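Reader: I have a model open and want to learn how to read its sheet and its helix packing. Where do we start?

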Amino acid sequence: MNGEKKEGTRGIKILAPVGGREQLIAAVRCGADAVYLGAKGFNARQNAENFEADSLPESVAYCHERDVQVYVTLNTLVMDGELPELVQTLDEIAAAGADAVIVQDLAVAALVRRRYPSLPLSASTQMSIHNGEGAVLAQALGFSQVVLARELSMEEIRAIRAAVGLELEAFVHGALCMCVSGMCYLSAMIGTRSGNRGLCAQPCRLNFRLNGRQRALSLKDMSHIRHIPELAEAGIGTLKIEGRMKRPEYVAAAVTACRAARTGRIPDLEALRAVFSRSGFTDGYLTGRRTLEMFGVRTREDVTAAASVLPALAALYEREPQNIDVAMDFAAAAGEPVRLRVSDGVREATVYGPVPEAARTLPLTAESVEKNLTQTGGTPYRVVRCKTTLGEGLALPVSAQKKLRRDALAALGRARSGRPVHESTGYLPPALPAHDAPETPAIRLRFAGRAQLFDAPAAEKILLPIEEIAEDPGLIAALGGRLVGELPALCFPSDMAELRETLARLKTGGLSEVSAENIGMLALGRELGFAVHGGAGLNILNSHALAAYASLGLADATVSFELSMRRIGQLRGALKRGLIAYGYLPLMHLRACPARGVDGCGVCTGIHTLTDEKNQHFTMLCHGRRYQELLNSVPLYLGDKPMAKVDFLTLRFTVESREAAQTVYGAFLRGEAPDFRRTAGLYFRQLQ
């Protein structure tokens, strides 16, 4: 291979998105070190072309012949009834010789780890890993690589690098979701198309209005390409390009720009902007400048700009680059089949041809043979040395020489594209016991603030944000073992030291239980000796995910509110489980605040209202100026609905007054229909 490619494989790796065959060719020919693609099921871009079971091995072989790795995405949440199909898909991926699988669901991770121990696991960005604690737990769960959340700054990436030894991967270019990946339920709640199931309809790109601003939930695309040297210095091992739904010219432009930046050249970001952008690019997360400059939309000018660059970008991958250096050794002797050996320095292939004839006119010469054997255009091979050993007065047709060359290179290609052998252990997810839930579930009350608290002696647990308890530690004695400290949905490395100090102080003061919405907070709570309750943010949709979290020591878990009531009732296993039965459900968690003013937060009250195109109003709450939470426009209420048998029901109070919360609680206990507009969420709808 050429010098630049060798240098790249020793350093930071470029991982390109592949939605179909044309994108695959563009990525490989433009110099990607690895590609990520989806099989037909269980991937977070279900609407991409993706790869059938019969085309996946061919695609892997094509990449491996050219020294390009293949990661296959299994990064959606699965349901119990889908496990047989999941096993079949995993078997196909392993048989194809994939170099890794990208996973979100802990049940899928457990299946991969136990059925194919040699198949590396990469933690999807859908796992919302944004701190060292989450990365350390991912490593303990068998992941060899973590795709970090896109919202991190360079300093926060360095902090995670210092905390963990596994490989870190960071997005370097492409679309930015408004919400932290894996924590968005907007598409599912509005139209049953779940982002966690690979079918996001991108409703955030519609016209949500806030404080006179239009399209307040639409971010520009990210581009950190100019920061590649810094990312490498910060400990990132793989640069990931977003865009499995985008055209091959985009893939070519992005890979080419990354290669240029990696080798110290100036990348062509103008061509990249022309082929696709939303009012340009942003590096606001990486630099810590999370201002309104991060927001943008796709304009008519953005769309028309692509036409001017598409031909030049298509030319980048029109021809196969000859990046693989090979040596040839040809021998012809009277009475023996001719032989051609070809080697790339590691692997070699030898083929034989016909017995040469006696020359009638011009005999074979070293010059003529070399000319015919070194015509390797259209292949990835470049002949750097050709040795010939020729007997006297022999002849061999040119067509036979060229066939010998084709056969030898094809044989070498087969040797180079040999797939990793992933031996199956035969493991299958075991049948789990039926869950024995009580006839009457316990009631838990979650409050956003102390001012909402009311006397509810029948409530089994009272959940309060940890900062609320820190401001009034007397609540620990007052509520005793019923009190659960709610850990923040997001805690970036820059905030972790303060949180640790607060938790240690409250633990000394008698607090013994916390709840966690992601694996980072689960790891922190467990490390500090708390009993940990799992929140709905853990995205539990199947019985084996419940079992996986039980093995991590969870006291109990709230299942995802994307799961139907019927499927909740069918969940098996011993771990206690519950569901959210009332509340303005959290649809998004944001780190780029759309309500931020030109001068920053200023005198912001921390509460804002966004209005969509149907004139529905969505409240957005600020959490300590660290992140924002977008609530659904109407509350969930199940007090008068039939519910699956679970161990507990949680009433989740956010913006309600104390009096309103108490009224809802009373009506719920009495099984009354509410006197306000409500939703039953996704519990009685079919999630796609």
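Author: Start with strand order. This is a predicted model. Its open sheet of four strands runs E13-E12-E11-E15, and the pairing is mixed.

Reader: Which are the edge strands?

Author: Look for strands that pair on one side only. Here these are E13 (348-352) and E15 (381-390). From one strand to the next, the twist averages 15°.

Reader: In which sense do E11 and E15 pair, and over how many bridges?

Author: Strand E11 covers residues 324-332, and its pairing with E15 is parallel, over nine bridges. For the register, take one pair: alanine 327 sits opposite arginine 385 of E15.

Reader: Which strands does helix H15 touch?

Author: Helix H15 (residues 398-416) packs on the sheet and touches E11, E12, E13 and E15. Its direction makes about 145° with that of E13. Helix H14 (residues 366-373) lies across E11, E12 (339-343) and E15. H14 runs at about 150° to E15.

Reader: Now helix on helix. At what angle do H6 and H19 pack?

Author: Read the angle and the axis distance together. H6 (residues 132-140) and H19 (residues 519-527) pack at about 90°, with axes 7 Å apart. Angles of 65 to 115 degrees count as roughly perpendicular, so H6 and H19 are roughly perpendicular to each other.

Reader: Which residues make the contact?

Author: H6 gives Glu133, Gly134, Leu137 and Ala138. H19 gives Ile519, Gly520, Leu522, Ala523, Leu524 and Arg526.

Reader: How do the residues of that contact divide?

Author: For H6 with H19, six are nonpolar, two polar and two charged.

How values were computed:
Residues are numbered from 1 along each chain as its sequence is written. This is a predicted model: local features need pLDDT of at least 70, side-chain atom pairs count only at pLDDT 80 or more; totals for chains, interfaces and linings use all residues. Side-chain values use heavy atoms; hydrogens and water are left out. Two strands pair if DSSP finds at least two bridges between them. Helices (H or I, at least four residues) and strands (E, at least two) are DSSP runs, numbered from the N terminus. Axes are lines fitted to C-alpha atoms, for helices over the stretch in contact, and angles run from 0 to 180 degrees between N-to-C directions. Contact means heavy atoms within 4.5 Å. Angles under 35 degrees count as roughly parallel, over 145 as roughly antiparallel, 65 to 115 as roughly perpendicular and the rest as oblique. Ala, Val, Leu, Ile, Met, Phe, Trp, Tyr, Cys and Pro count as nonpolar, Asp, Glu, Lys and Arg as charged, and the others, Gly among them, as polar.
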